[in-house]
Amino acid sequence: PYLDYFFIGGPAFRDIVSHYDELTGRPVVPPLWSFGAWYSRCMYQSREQVEGIVERLRELELPGDVVHLDPLWLKVRASRTLDGCDFVWSDEAFGDQEEFIGWLAERGFKLSLWENPYVYRDTEMYAEGERNGYFAKAPGGGPAASMDNPKETAVPDFTNPETVRWWQDKHRPHLKMGVAAFKPDYGEAVP
C-alpha cells in the first residue's frame, strides 16, 4: 500500500554513490590481514606439514597472512572419503588447537577453517540437531541429505532461526581460541 521514492543526485557519480551509502549505511572495512596472502592446499595432512610450509615462507621472506585448513582439521573427517562437518578439532592431526593458533600467530599468520553445511549422522552434533528438529526434511519426512553424501549426512534447516543460532554457536569456541575465519563450501549439494 505504500511506496517510498528516494531521489539521489549529485554533480558526479561519486557524489551519487556517497549520498546513496549515507542512506543505506557504509560497509565496514574488512581487517587488513584479510587482504593478504592466504595459503591452502587440498587438505594439509598434519600440523608438521603446516609448520614446515610456514617456516619455509618466513625463511624465504615471502608474504603470508592466513593458513587455511580444509576438512582434515575435523577429527571425524580422517576416517571418511566424503565430506561432512561436526566442528570437532582433530588433536591427532594438528595437536592442541589453541597452541597451534598461538604458534601461527607468533609467525604472523591467522587460521581459517573449512566447513560445509552437512552434518555426519553418526556424531553427537547430529544427535543434538535431530533432538531439536534442526534438520531440513526430505519428502519422506526424515532428515534431508546432501546430494554428494546422502548416506552419511543431514542438511541443517537454515530457514529456522534456532538452527542458525545452533550453527553459529558451533563456531564460537573456535573463534574464542583465535580462529580468524571460516570458509563455507559445498552448499551446491543441498537438495
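The following paragraphs lead through the sheet, the helices, the charged pairs and the backbone exceptions of this structure, which is a predicted model.

The sheet offers a convenient point of entry. It is open and consists of 4 strands in the order β1-β2-β3-β6, with parallel pairing. Strands β1 and β6 (181-184) occupy the edges and have a single partner strand each, so one side of each is left without a neighbour in the sheet. Strand β1 comprises residues 38-39 and runs parallel to β2, to which 2 bridges join it. Within this pairing, Y39 is found opposite V67 of β2. Between β1 and β2 the chain passes through helix α2 (residues 47-59), and the resulting β-α-β crossover is right-handed.

Strand β2 (residues 66-69) merits closer attention. In a regular strand, side chains alternate between the two faces of the sheet. Accordingly, V66 and H68 point one way from β2, while V67 and L69 point the other way, and all of these residues are buried. On to strand β3 (residues 110-115): β2 is joined to β3 by 4 bridges, and the two strands run parallel. Here H68 is placed opposite S112 of β3.

Strand β3 also contains E115, an acidic residue whose setting deserves comment. E115 is buried but has no salt bridge, and K183, the nearest side chain of opposite charge, is 11 Å away. Beyond the four places on either side of E115 in sequence, the contacts of this residue are C85, F87, W167, H171, F182, K183, P184 and D185. K183 has a salt-bridge partner in D185, with an N to O distance of 3.6 Å. Both members of that pair are partly exposed: K183 has a relative accessibility of 35%, and D185 has a relative accessible area of 23%.

The charged pairs elsewhere connect helices. Side chains of opposite charge can pair when their charged atoms come close. Over the whole structure, 14 salt bridges are found. One of them is formed by R47 and E99, whose closest N and O atoms are 3.3 Å apart. Since R47 belongs to helix α2 and E99 to helix α4 (residues 97-106), this pair ties together parts that are 52 residues apart in sequence. R47 is buried, at a relative accessible area of 10%, whereas E99 is partly exposed, at 49% relative accessibility. The pair is part of a network of salt bridges that links R47, E51 and E99.

A further salt bridge is formed by E128 and K170, with 2.8 Å between the closest N and O atoms. E128 lies in helix α5 (residues 124-132) and K170 in helix α6 (residues 161-177), so parts that are 42 residues apart in sequence are tied together by this pair. The relative accessible area of E128 is 21%, so this residue counts as partly exposed.

Outside the four-stranded sheet, strand β5 (residues 153-154) contains A154. How accessible is A154? Its relative accessibility is 0%, so A154 counts as buried. Apart from residues up to four places away in sequence, A154 touches P117, Y118, V119, R121, Y126, F135, P143, A144 and A145. The C-alpha atom of A154 is separated by 17 Å from that of Q168, a residue 14 places away along the chain.

The geometry of helix α1 (residues 13-24) can be checked against expectation. At 1.5 Å a residue, its 12 residues should span 16 Å, the expected span being 1.5 Å times one less than the number of residues. The C-alpha atoms at its ends are 16 Å apart, which agrees. After α1 comes G25, which has a positive phi near 105°.

Positive phi values are also found away from glycine. Most residues other than glycine have a negative phi. M43, which is not a glycine, nevertheless has a positive phi of about 75°; this residue is located in the loop between β1 and α2. Y186 is likewise not a glycine, and its phi is positive at about 65°. Y186 is located in the segment after β6, and its relative accessible area of 32% makes it partly exposed.

Definitions and conventions. Residues are numbered from 1 along each chain as its sequence is written. This is a predicted model: local features need pLDDT of at least 70, side-chain atom pairs count only at pLDDT 80 or more; totals for chains, interfaces and linings use all residues. Side-chain values use heavy atoms; hydrogens and water are left out. Buried means under 20% relative accessible area, exposed over 50%, partly exposed in between (1.4 Å probe, protein chains only). Two strands pair if DSSP finds at least two bridges between them. A crossover is right-handed if, with the strands pointing away from the viewer, the path from the first strand over the helix to the second runs clockwise. Lys and Arg count as positive and Asp and Glu as negative; His and the chain ends are not counted. A salt bridge is a side-chain nitrogen of Lys or Arg within 4 Å of a carboxyl oxygen of Asp or Glu. Contact means heavy atoms within 4.5 Å.
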